[in-house]
Amino acid sequence: MFINNEYLIIVGGAGPSRVMMLKDDDGVYRFYPQSLVKQLGNKVHPKYSDYDINAIFNSEGVSYWFKGDGNIKSDQIDLEMVILHELVHGLGFLTSLNDYMHDIPQGLTPYVVGIINNSGSNYHFIEATFDKYMSVVPTGQNVSDIIKQMDVFNNIQYSNQDNFTTTFLSSPQYNLATDLFSKATKSNSLTILSGDDTIFLETSLTPFNSKSSISHFSSKKYTNTSDFLMRFSIERGKTLQQYVKMGGNYANGPIGPKLRAFLKSLGYTILDSTSNAQTSISTTISIIELIIWCMLTISLTNIITSCFIEIDIFLYEKNNAFKILKLGSHLIGYSA
Ligand SMILES: [Zn+2]
């Protein structure tokens with residue numbers, strides 16, 4: 001989260017402390033944040049990290065306001081609002097889409113996962129749970145379907161990462177990545193489903209900013225509404241409660257109706273504070289699917305002997321800096 005109109009001041013950032021690749025109910029493998037895997041209630045699961053979320057908060061150059069401080073000053077920021085915003089990122093309000101191949105972004109892909117085997121490596125495009133709900137405006141095409149079209153390199157062996165990069169950048173599939181990039185930098189071009197509703201994502205930032213674009217509600221649409229919380233920037237001099245009031249005094253507080261519906265879609269149980277009723281959707285991801293995932297991992301790598309030990313799977317990084325993952329145990333990204 002940034003301070004409004006002060007691009008260089010980041011007040012906080014967060015992401016899941018551990019993500020786990022699961023076969024989703026539509027047959028697609030996705031990276032789930034650990035906190036969401038816990039909602040599935042499976043007794044069999046990869047090892048959890050001690051903490052669900054990693055978050056950072058800027059302690060320098062920002063004057064924070066705390067409850068009980070009296071009136072907020074015009075240069076202060078309510079820390080509770082920053083914390084709440086970052087926790088929502090950590091719960092999975094986070095896209096995988098980014099440019100992992102250029103210093104100056106020009107094409108977007110999901111996480112690029114390389115798996116080492118005897119004759120080289122193969123590469124998969126694996127999305128985040130968040131991306132399952134994303135669509136392109138005005139066609140309504142699901143981003144998951146676009147990613148499926150992109151993910152055609154996983155049966156090919158590459159001797160090194162440069163070979164894969166060169167192949168992908170000169171392939172017809174790269175056009176899908178540049179099309180996604182153009183959507184991510186044009187207002188009102190990407191939405192996510194939240195129940196029966198849609199949320200317009202932040203796609204008006206130019207240049208594209210991987211910490212602010214996409215993984216936020218559109219500032220233009222949701223400033224001064226009950227869904228103000230997940231905009232990428234915060235104005236100084238207003239408390240969280242003042243924001244709630246400006247948004248129309250939503251009865252359930254700062255987590256607005258669209259965000260609540262989206263978190264419910266992800267798999268979280270939602271408490272209605274006015275009636276004390278809890279609601280959730282049932283998920284169809286079962287223990288069996290988790291086991292199938294483990295078997296798939298074994299067949300892809302030939303080097304794994306069990307589901308829960310270290311494997312040679314790495315996230316694609318710029319400048320050939322491979323990052324070796326332990327199975328499901330990596331901070332895979334964060335949003336500001
Ligand atoms: Zn944010």
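In the predicted model, strand β11, which covers residues 134–136, pairs with β12 in the antiparallel sense, and three bridges link the two. Within this pairing, S135 has T191 of β12 as its bridge partner. On to the next pairing: β12 and β13 also run antiparallel, and they are joined by four bridges. T191 appears here again, since the residue that stands opposite T191 in β13 is F200, while I192 has I199 of β13 as its bridge partner. The connection between β12 and β13 is a hairpin with two residues between the strands, and in its turn G195 has a positive phi of about 65 degrees.

Taken together, these pairings give an open sheet of three strands in the order β11-β12-β13, with antiparallel pairing. The strands β11 and β13 stand at the edges of this sheet and have a single partner strand each, so that one side of each is left without a neighbour in the sheet. From one strand to the next, the twist averages 40 degrees. As a general point, strands of a sheet pair through backbone hydrogen bonds, and the pairing may be either parallel or antiparallel. The burial of β12 was also examined: because four of its five residues are buried, β12 is largely enclosed by the rest of the structure.

A helix is also placed against this sheet. Helix α8 lies across β12 and β13, and it runs at about 75 degrees to β12. This helix spans residues 257–266, and its buried residues are K258, L259, R260, F262, L263 and L266. The buried residues of α8 pack against β12 (190–194) and β13 (197–200), and also against α1 (34–40) and β15 (270–272). Just after α8, the backbone at G267 takes a positive phi of about 130 degrees.

A second hairpin is formed by β4 and β5, with five residues between the two strands, and G27 in its turn has a positive phi of about 85 degrees. Strand β4, made up of residues 19–23, is joined to strand β5, made up of residues 29–33, by five bridges, and the two strands run antiparallel. In this pairing, V19 stands opposite P33 of β5. Strand β4 is mostly covered, given that four of its five residues are buried.

Turning to the protein as a whole, the model contains nine helices and 18 strands, and 39% of its 336 residues count as buried. The largest nonpolar core has 52 residues, and those with the most contacts inside this core are F31, Y32, L180 and A184. When the neighbours of L180 within four places in sequence are left aside, L180 is in contact with L97, L108 and I146. A second core, separate from the largest one, has 13 residues, among them M1, W65, L240 and V244. Contacts that span long stretches of the sequence were considered as well: among contacts between residues at least 6 apart in sequence, 60% join residues that are at least 24 apart.

Conventions: Residues numbered from 1 in each chain as written. Predicted model: local features only at pLDDT ≥ 70, side-chain atom pairs only at ≥ 80, totals over all residues. Buried ≥ 20, exposed ≤ 12 C-beta atoms within 10 Å, placed from the backbone. Contact = placed C-beta atoms within 7 Å. Core = buried A, V, L, I, M, F, W, Y, C linked by C-beta atoms within 7 Å. Pairing = 2+ DSSP bridges. Axes fitted to C-alpha atoms, helices over the stretch in contact; angles between N-to-C directions.
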